[in-house]
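Visitor: Could you walk me through this one? I would like to look at it before we start talking.
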Amino acid sequence: MKSSSKTIAAGAAMLGLVAAAWPVAAHHSTTMFDREKFIVLEGTVKELHWTNPHVAIFVENAAAKPGIPDGMWVVELTSPGNLVRSGWTRTLIKPGEKVTVEVHQLRDGSKGGGLRKITLASTGQSFNYNIRDQERPNLEGTEYK
Amino acid sequence: MNKLLSTVLVGCLALTGIEALAQPAAKPKPVINPPPVAKDWADLAKLPDWSGVWNPKITDQDAQIKTNMPPWTLPAAEYIKFQLAEERAGRPPPLFTNCLPEAMPAWMLVTHNSMELLFTPGRVTMLGESDGARLRRIYTDGRPHPEDPDPTFHGHSIGHWEGETLVIDTVAILPQTLIAISEAAGQPNNGDMQIKERIYLKEKDIMHVELEITAPKVLTKTWKTTRIFFRQRARLYDIVEGVCQEGYFRPDKDKHGNDIFVAIPHAVGGNREPPK
């Protein structure tokens, strides 16, 4: 796979930004995730980072498939505030839970991506979010239970 | 005779001068923000009801990338074209990954987060979720802009009410703040920017923010755009603390068992570096 690091560095330089790859944080566009398709991870939640501006779920993927390596993956979501308004709570997904996760993978093929949907093996419940669905006034909101 | 008169006059002026030196000039009184009186608080009740939490119409932000592009200068247009191509290619330019405030006018233009507006005597305060420092102070007490204000992320804003419309004029905005059209495409204003806004309720629970952005270093003429926000009253929509820099870190324990933050790596685009 062609590395995109040189292109990114060139782009950052053109933008007049510091090209150092670390540490820059977090408030970002999501087009580094391939939204045209998704992959499926099956495994165990190791950590949940309920932090701004993007929550992250660390999943140990046990189901290695072609192009989908096993091991630890990091799956990013929107902010805690936007998730709460979508019905999430910080205890909705707990470390240790068995899950199936649909992920828009990073375009460079590495073990990260954006969440499409997460399903708990214990209950069969699925969770996702779409902040563009909230474009109406006086929403009542419903918490996931 | 004339010579004698001149001598007397010069003598008098000299004495006056000595007198002036002997008594130091009165110290000018500081300009204060007077304590509000009951009427000031009562007058707030006559203003339109802007309470609640306001979330943005993101799909309209997206649409205006195609329908209402700012009138960029040629270099700015090239810059934006490059950024949009990078974003489409999956390499979003890291405009806000440094977690500095989205600032003006990008906050109003491309935020994905909520805001609230507070009225107090002589001032409207806008508080936004995320950034940790997303705050605008709009003085409505009749003061002018300072003669030489220090540039800031949100500039110096003065406002007045025209009926139920808040009219705001903002200057002294840092030249680095972005005229952003998405989270990955934006042009630094490069200085001398002025923003005029008219904020009002288009419908009972729909707020319009009309902006006129004049930025002579990067725009060929004033750019007009309207951004839309929806009112939410359910407590589920209450604004929560949003400290952007929190994303630099992960919660962990030190060797003493104390709860601490530990820095974690991120990719250029701002996402967490995936595990190897």
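Visitor: Let me start in the middle of things: which residues does B:I213 touch, leaving out those up to four places away in sequence?

Guide: Bearing in mind that this is a predicted model, B:I213 touches B:P105, B:I179, B:M193, B:I195, B:L219, B:T222 and B:W223 once residues up to four places away in sequence are left out.

Visitor: And which residues touch the most other members of the largest nonpolar core?

Guide: Those are B:A180 and B:I213, in a core that has 42 residues. Among the elements, helix α5 of chain B, residues 106-110, gives the most to this core, with 5 residues.

Visitor: What other core is there, apart from that one?

Guide: Another core, of 20 residues, lies apart from it, and its members include A:L41, A:I57, A:V59 and A:L77.

Visitor: Ok, switching to α4(B). Which of its residues are buried?

Guide: The buried residues of α4(B) are B:A76, B:Y79, B:I80, B:Q83, B:E86 and B:E87. Because they cover an arc of only 120 degrees around the axis, they sit on the same side of α4(B).

Visitor: What does the face turned away from that buried side carry?

Guide: That face of α4(B) carries the exposed residues B:L74, B:E78, B:K81 and B:R88.

Visitor: How does the span of that helix agree with its residue count?

Guide: Helix α4 of chain B, residues 74-88, has 15 residues, so at 1.5 Å a residue it should span 21 Å, and its end C-alpha atoms are indeed 21 Å apart. Just after α4(B), B:G90 takes a positive phi of about 85 degrees.

Visitor: What about the domains of chain B?

Guide: The domain assignment gives domain 1 as 53-237 and domain 2 as 248-276, and the C-alpha centres of these two domains of chain B lie 31 Å apart.

Visitor: Now chain A: what is its secondary structure?

Guide: Chain A comes to 2 helices and 6 strands, and from the N terminus on its elements run α-β-β-β-α-β-β-β. Of its 145 residues, 39% count as buried.

Visitor: How many residues does each chain put into the contact between them?

Guide: The contact takes 52 residues from chain A and 54 residues from chain B. On the side of chain A that touches chain B, α1 (5-14), β3 (71-76) and α2 (80-85) each supply at least two residues.

Visitor: And how do the residues on that side of chain A divide?

Guide: The residues of chain A on the side touching chain B divide into 23 nonpolar, 19 polar and 10 charged.

Definitions and conventions:
Residues numbered from 1 in each chain as written. Chains lettered and ligands numbered in written order. Predicted model: local features only at pLDDT ≥ 70, side-chain atom pairs only at ≥ 80, totals over all residues. Contact = placed C-beta atoms within 7 Å. Helix = DSSP H or I, 4+ residues; strand = E, 2+ residues; numbered from the N terminus. Nonpolar A, V, L, I, M, F, W, Y, C, P; charged D, E, K, R; others polar. Domains from an automatic or database assignment. Expected span 1.5 Å × (residues − 1). Buried ≥ 20, exposed ≤ 12 C-beta atoms within 10 Å, placed from the backbone. Arc of directions from axis to C-beta. Core = buried A, V, L, I, M, F, W, Y, C linked by C-beta atoms within 7 Å.
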